[in-house]
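Biologist: Please show me the structure. I should then like to ask about its salt bridges, its nonpolar cores and the contact between its chains.

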Amino acid sequence: MTPNMTAVAERPSLRGAVAKQGNRYRDYALVAVFATEVLFWTLQSPAFLTLNNLLNIARQASTIGIMAVGMTYVILIAGIDLSVGSLVSFTGMLIASTLIGIDSIIAALAVALGFGAVSGLFSGYLVSRLHVPAFIATLSLMQVYLAGAQLWNDGGPLSVTNSAVLMLGSGYIGPVPVPVVVFAVILLCGHWVLSQSVFGRHVYAIGGNPEAARLAGIPVRRVTLTVYALSGALAGLAALLFVGRLATASPLTGTGLELQVIAAVIVGGCSLFGGKGNLRDTLLGVLVLTMLQNGLTLVGVSGFWQNFATGVAVLLAVLLSGDVLAKMRKKEA
Amino acid sequence: MNSMFQRRTTRLTFAGLTASLSVAVVACSATGPGGSSVKDTSDRQLVIGHSYQDLSSPYFADERKVEKALAAKNGYSYVATQASNNPATQLTDIENLISRKVNLLVIDAIDPNAVVPGIKSANSAGIPVVMLIRKPAGGDYRSLVYLDSIKDGATACSEVAKRLGGKGKVVNLTGPLDILAAKERSTGCTNELKKYPGIEIVASPQTDFTQRDAEQKMTDVLQVHHDVDAVFGGNDDIALGAIRAFTSAGIDPKTKVVIGIDGTQAGLQAVCNGTYTQSLATFPVKEAEIVMDTAAKIHTGKSVQKEVLFPAVPVNADNIKAAVKTAGYPITSCPAAK
């Protein structure tokens, strides 16, 4: 490593140290939001704090969570990936068709990760080389995949029978659902890379100040490409898990998932302007939102109030755990 | 008056602009020569524009396929647009179809109020309008092929009650309640089940009409009510999601009553497999046939009925084979058929 690069690689952690002062409230606030929610739903419904339901929540959180790991990287470099929801639908159709031809989970996994990564590379190329704003680039791809998923089988679903794929999406290892294990592995790897590796530091550096990062010799384009490819590949993996869970690939499966994923990352305190956030908080964000949906259904809140409650909860979580409190304190000081 | 005219012109210009943007959507559904190249004479070729709610739904996708085939067979030109369940997009779609000079407009209204300006535009452009499923709040139409969603919900749930012997726990899994048909189906079901004191609706979660969401919500419900006896699904996808949730929870769906609405291919396949008790089917093929027939009549100046009820047929193990044949679905194995 050149001395220059080391210097910049250190910088984000210095920034981090300065930012930590302000973030201390946030660290506790998010955990407090999480704990309050657990307590609230436990008091509201006797079915909430049961082993079965906790595993149910973990399983539901796992697919969103896998996508949220990729999205955290993307948002850390001040990007956004709106294509992931439609990508799940489209990759699902692709996986189901592959399985009709080659009835093997290896083929399905290769197609899922491969197509997802290629799609991500394409977004990354549009963003880093052609300087298309990430919002526009991935919004366009979102529409393309949506149309593609619908056109694939004339709007109809494709059923999936491969037992290994069904095991991956619906099976258990002991009492633990398989998707939860997959999510745990990805979360830990993602966390290690982000907090310990040079690549992780580059991600923070680019999010903090892309121009400074470029001048310091950080391969901004390559990191950007990798980050989008990661987000795409993880969406592909989520698609495979959904296919295995539902035993069917439908062009509707991914509808609205991108917003759920982005909401989870934002509730986790990731800054849309890049450079700030981590995977522990993303995990909390995912769990806070999943428990909310779960709790509302358990308690029997129906209809419009579910949407209303979700909106209010996201806003509250962001207000409590985001920069707002820190900024208010700064002003007072 | 003047400003109204101006606004109107602006809107049409805007529609023209967006037409080029949405050309990808239109182009992939268009068959035959483009409407714009045809001269506006009374004996010109019939150009049908169909504004759909959402083509990602298998029901509408099937209907479009049949309409497209029928149009090609009869030498009509056919253009379909879809609005992804967004009423504002649907208005733009309708304006686009008018700019494209269709001479018959078929509208599957997302919202009976929001669609009115589009119908009025078609009225002033002299384009006859055929409305599907729901009655618009205003504007003139030549024919309305309507479904009674409240009645459908009631019919489906009276079957639920019958199969449960008037006693049991029911989950009413609804579609997005901002879609009127979803809301009416749910209301129809709820009102019907109120007639049976032994039946309790234990939960009515809202889903986004996807199997993924329905499976998730149903799994949540099963955490509290592991002993539900029946599910009413707002459409086939929701019912299939609930069936999958039963399977994943280790409950054999064949032991439960699951009743839904639509009669899609995937739905009828599940009836064939014996996991899905009954789907109240409104066959897209039938709807497409009625639409094309009405369109041809209007075009040739024949009289058409102002309101046509589009009948829904309950499809279960007893009549599944005949239903599959009517629908024209390529379903081969049907072990549950009686």
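Modeller: Helices here are DSSP runs of H or I with at least four residues, numbered from the N terminus. Please note that this is a predicted model.

Biologist: By about how much of the helix are Glu159(B) and Arg163(B) separated?

Modeller: The two residues form a salt bridge, with their closest N and O atoms 2.7 Å apart. Both belong to helix α6 (residues 149-164) of chain B. Because they are four residues apart in that helix, the separation is about one helical turn.

Biologist: Is Glu159(B) buried or exposed?

Modeller: Its partner Arg163(B) has a relative accessible area of 40% and is therefore partly exposed. Buried means under 20% relative accessible area. Glu159(B) has 12%, so this residue is buried.

Biologist: In which helix do Asp293(B) and Lys297(B) lie?

Modeller: These residues form a salt bridge whose closest N and O atoms are 3.7 Å apart. Asp293(B) is partly exposed at 43% relative accessibility, and Lys297(B) is partly exposed at 32%. They are four residues apart, about one turn, and both lie in helix α11 (residues 284-299) of chain B.

Biologist: Which residues are joined into one network by salt bridges that share partners?

Modeller: A network of this kind arises where salt bridges have partners in common. Its members are Glu159(B), Lys162(B) and Arg163(B).

Biologist: How many residues apart are Glu307(B) and Lys135(B)?

Modeller: Glu307(B), partly exposed at 34% relative accessibility, forms a salt bridge with Lys135(B), the closest N and O atoms being 3.3 Å apart. Glu307(B) is in strand β11 (residues 307-309) of chain B, whereas Lys135(B) is in the loop between β4 (129-133) and β5 (143-146) of that chain. The pair thus links distant parts of the chain, 172 residues apart.

Biologist: Which helix gives the most to the largest nonpolar core?

Modeller: The largest nonpolar core has 80 residues, and those that touch the most other members include Ile66(A), Val88(A) and Val203(A). The most residues, 13, come from helix α10 (residues 220-246) of chain A.

Biologist: How many residues make up the second, separate core?

Modeller: Val202(B), Val221(B), Ile238(B) and Leu240(B) are among its members. This second core, separate from the largest one, has 37 residues.

Biologist: Is Trp305(A) buried or exposed?

Modeller: Trp305(A) is found in helix α13 (residues 304-321) of chain A. Together with Phe308(A), Val312(A), Leu316(A) and Leu320(A), Trp305(A) makes a nonpolar surface patch of about 520 Å². Its relative accessibility is 57%, so Trp305(A) counts as exposed.

Biologist: Which three residues supply 20% of the area that chain A buries against chain B?

Modeller: The contact takes 36 residues from chain A and 29 residues from chain B. The two chains bury about 2800 Å² between them, 53% of it on carbon and sulfur atoms. Supplying more of the chain A area than any other three residues are Asp154(A), Leu246(A) and Leu252(A).

Biologist: With which residue does Glu215(B) form a salt bridge?

Modeller: A search of the whole structure finds 13 salt bridges over all chains, and one salt bridge is found across the interface of chain A and chain B. Glu215(B), with the closest N and O atoms 2.5 Å apart, forms a salt bridge with Arg245(A).

Note on methods
Residues numbered from 1 in each chain as written. Chains lettered and ligands numbered in written order. Predicted model: local features only at pLDDT ≥ 70, side-chain atom pairs only at ≥ 80, totals over all residues. Heavy atoms only, no water. Core = buried A, V, L, I, M, F, W, Y, C linked by side-chain atoms within 4.5 Å. Buried < 20%, exposed > 50% of the residue type's maximum accessible area, 1.4 Å probe, protein only. Helix = DSSP H or I, 4+ residues; strand = E, 2+ residues; numbered from the N terminus. Patch = residues over 30% accessible without salt bridge, like charges linked within 9 Å, V, L, I, M, F, W, Y side chains within 5 Å. Areas by Shrake-Rupley, 256 points an atom, 1.4 Å probe, with all protein chains shown as cover. Salt bridge = Lys/Arg side-chain N within 4 Å of Asp/Glu carboxyl O. Contact = heavy atoms within 4.5 Å. Buried area = accessible area lost by both parts, 1.4 Å probe.
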